[in-house]
Amino acid sequence: MPLNLRIGFFLATRALRRASLWTTGLIIGVMVLTFLNLVVVSGILVGLIQGSIEQWRTEYTGDVIISTLTDKKFIENSPNVIGIINGLPQIEKYTTRYRESGTLEANYKTRKDTDKPNTTGAQISGIDPYQENAVTGVAKKIVEGSYLTANDYDQVLLGHYLLSQYVPIDNPDFAALNNVGVGTKIRLTVGGVTREVTVKGVVKSKVDEVSRAVYMVDTQFRSIIGRNDGNVDVIALKLKKGEDPEAVKEALLLRGVGTLAKVQTFEDAQPKFLKDIVSMFNTLGSAFGSIGLVVASITIFIVVFINAITRRKFIGILKGIGISGRAIEVSYIFQSIFYAVVGSGIGLFLVYVFLVPLFQAHPIDFPFSDGILVAPLDSTLYRVGLLIFATVIAGYIPARMIIRKNTLDSILGRN
Amino acid sequence: MIETKKLERSFQNGDVVTRVLKGIDFIAKDGEFIAIMGRSGAGKSTFLYQISLLDEPTGGEIVLDGHDTHRMSEHERMKFRLNKFGYVFQDYALLPELTALENVALPLMMQDHTKASAYKQAAEALTKVGLGHRLHNLPSQLSGGEQQRVSISRAIAHKPKILFADEPTANLDNDSSSAVMDIFNDLHAKGQTIIMVTHEEQYAKLSDRIVRLDDGTIVSQTHRGHH
């Protein structure tokens, strides 16, 4: 090891070992908070949207979603497509959905002729209850009543946004059903066919496609829409752990599914506003992080400057007895690195051992998503690198300022 | 050998220039023990700082073993201080976070000794001044006399050509002062060049030569036997 590094390291380790615990603790505390500011603030911002994206994937699209082409009524040759899906080893489960727009009407038995009908529009999904739950876990989202079974006749699940008691806004343009709960009969009209159905359960989700949906057993729904050819509207695929959605999409396209349906990964299928928000929150997180970095740099600068000023006499003595200025600078750089590395180390521990699992177990309950803490290791390590770099510079500059002063002036405390 | 020619040192404070050293001609031969005396403000410490390369004169020359120090870079001066000089300061000037052993070993390590070799030499130097049992104590755990002995050990461990001491006994009681001067006498007996600033006549008398300064000039030089 070069001499100046060796001496600098020697001086730094002694200074750190025999420094006041309070001072060391305070500096490390500042570094930990700075690290958390760098990682957690942007991580939560991104996590708000990431939570939404994750729910979009797990509760609606699956990892890959196959849907009707824009100019078609349904996925043509759906049995053929399903056959291809069954042949792909990456796929763990899939669910098929029949989807049509329809109207729901409540309180029609008690409505007077002069009353406005209590109706709302909805997307009605005909599902295989077992398959749908296996892919999206929708049964766990039931907040009232119970989930569908394959033998349920004329029973539906309603998304909670269709019911006035769950809708937090009072807006005349936002229609919801009044006085409807589990066991209530409502009218379901799809393509001119009306059927009276019973509400079996209420599904509560932060994914709009679920919270405004009506679920019905597919065999029942087919009889309403008059489709008996096996062609479905949507197929959501859940992949085996570790499988790449992009690779599966490519495999499906390679087998010609693209000519029959639209094939998208869950990321492709995200609404554009979500992608825009992720990008904006990333920028905001970086901006907050940059401010944190500047604050940390100034803090370290002040700490090292005060330390170097109060130790100016000893710096003078070191120079006086022949210790090179470079070695003394190196000692301050090592001390700065120590503070940054220990601070970041504790920060990493807090983030990955405590905060990430905590937010996973108890997400922040935002109206549009369950916010988690997103802290990818590569970007976190990049931030650690930035913090260490900023700290080294912030430690080096004040040390250099003091070391450059006249040796004797430093020893005698002269200005 | 140290030689100064018309050495000057002035300090400027705004428009006011104070001349502390006013053209000193001085020679110290190898192996000499020189005491520099004078009343407060006479310029004795300032003179010591110039010839020990801790400060830069504003006029005149300092020649050390044939080297004109005026032409030296700060790096060369640092090397000179490290390899040729040893310093003992009035207030010991030990580094508070280093143990006695580490304080003494540090300049040796800077001379590129391995840590083990530096520690060995430092331990020997400390043992010689009676501090073999205090190697791992911090300065704050040592008495003033012990700290000064550590300071002397640090100054001599690397066997410097010249030992500079700035009022080494000023902060010590009589017993500690005597112990320090005994060490200086032993070193001098072994051929060590020592230049010591002191205001204590009884210790100055132990030197080969007493150089008296007043108002920035040498007013007298007295050799041993004539003290």
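Radius of gyration here is taken over C-alpha atoms, and the globule rule I hold it against is 2.2 Å times the number of residues to the power 0.38. Worth noting before anything else: this is a predicted model.

**Entry 1: overall form of chain A**

I started with the radius of gyration of chain A and got 31 Å, whereas a compact globule of 415 residues would sit near 22 Å. Next I took the box along the principal axes, and the C-alpha atoms of chain A fill roughly 100 × 55 × 30 Å.

Then I checked how chain A is divided. The domain assignment gives domain 1 as 3-56 + 273-412 and domain 2 as 63-265. How far apart are the C-alpha centres of these two domains of chain A? I get 50 Å between domain 1 and domain 2.

For secondary structure I counted 12 helices and 12 strands in chain A. Of its 415 residues, 44% are buried. I also looked at contacts in chain A with a separation of 6 or more: 82% of them come from residues 24 or more positions apart.

**Entry 2: overall form of chain B**

I ran the same checks on chain B, which has seven helices and 10 strands. Its radius of gyration is 17 Å, close to the 17 Å from the globule rule for 227 residues, so chain B is as compact as a globular protein of that length. The C-alpha box of chain B along the principal axes is roughly 50 × 40 × 35 Å.

Burial in chain B comes to 48% of the 227 residues. Residues 24 or more positions apart make 68% of the chain B contacts with a separation of 6 or more.

**Entry 3: the four-stranded sheet of chain B**

I traced an open sheet in chain B with four strands in the order β2-β1-β4-β5, paired antiparallel. Why do β2 (16-28) and β5 (67-68) each have one side without a neighbour in the sheet? Both stand at the edges with a single partner strand, so one side of each is left free of a neighbour in the sheet.

I zoomed in on the β5(B) end. Strand β4 (residues 59-64) of chain B pairs with β5(B) over two bridges, in the antiparallel sense. Across from Leu64(B) I found His67(B), in β5(B).

**Entry 4: the six-stranded sheet of chain B**

Another open sheet in chain B has six strands, ordered β6-β7-β8-β3-β9-β10, with mixed pairing. Here β6 (85-88) and β10 (217-223) of chain B are the edge strands, each pairing on one side only. Neighbouring strands of this sheet are turned against each other by 15 degrees on average, direction ignored.

Which helix packs on this sheet, touching β6 and β7 (162-166) of chain B? I found helix α5 (residues 144-156) of chain B there, its direction making about 170 degrees with that of β6(B).

At the β10(B) edge, I counted six bridges joining β10(B) to strand β9 (residues 209-214) of chain B, and the two run antiparallel. One pair I picked out is Leu213(B), whose bridge partner in β10(B) is Ile218(B).

**Entry 5: where the chains touch**

Last, I looked at the A/B contacts: 16 residues of chain A are in contact with 17 residues of chain B. On the chain A side, the elements that give two or more residues are α1 (3-17), α9 (312-320) and α12 (407-412) of chain A. Of these, α1(A) gives the most, with five residues. By type, I sorted the chain A side into nine nonpolar, four polar and three charged residues.

Conventions:
Residues are numbered from 1 along each chain as its sequence is written. Chains are lettered from A and ligands numbered from 1 in the order in which they are written. This is a predicted model: local features need pLDDT of at least 70, side-chain atom pairs count only at pLDDT 80 or more; totals for chains, interfaces and linings use all residues. Two strands pair if DSSP finds at least two bridges between them. Domain bounds come from an automatic or database domain assignment. Two residues are in contact if their C-beta atoms, placed from the backbone, lie within 7 Å. Ala, Val, Leu, Ile, Met, Phe, Trp, Tyr, Cys and Pro count as nonpolar, Asp, Glu, Lys and Arg as charged, and the others, Gly among them, as polar. Axes are lines fitted to C-alpha atoms, for helices over the stretch in contact, and angles run from 0 to 180 degrees between N-to-C directions. A residue is buried if 20 or more other C-beta atoms lie within 10 Å of its own, exposed if 12 or fewer, and partly exposed in between; C-beta atoms are placed from the backbone.
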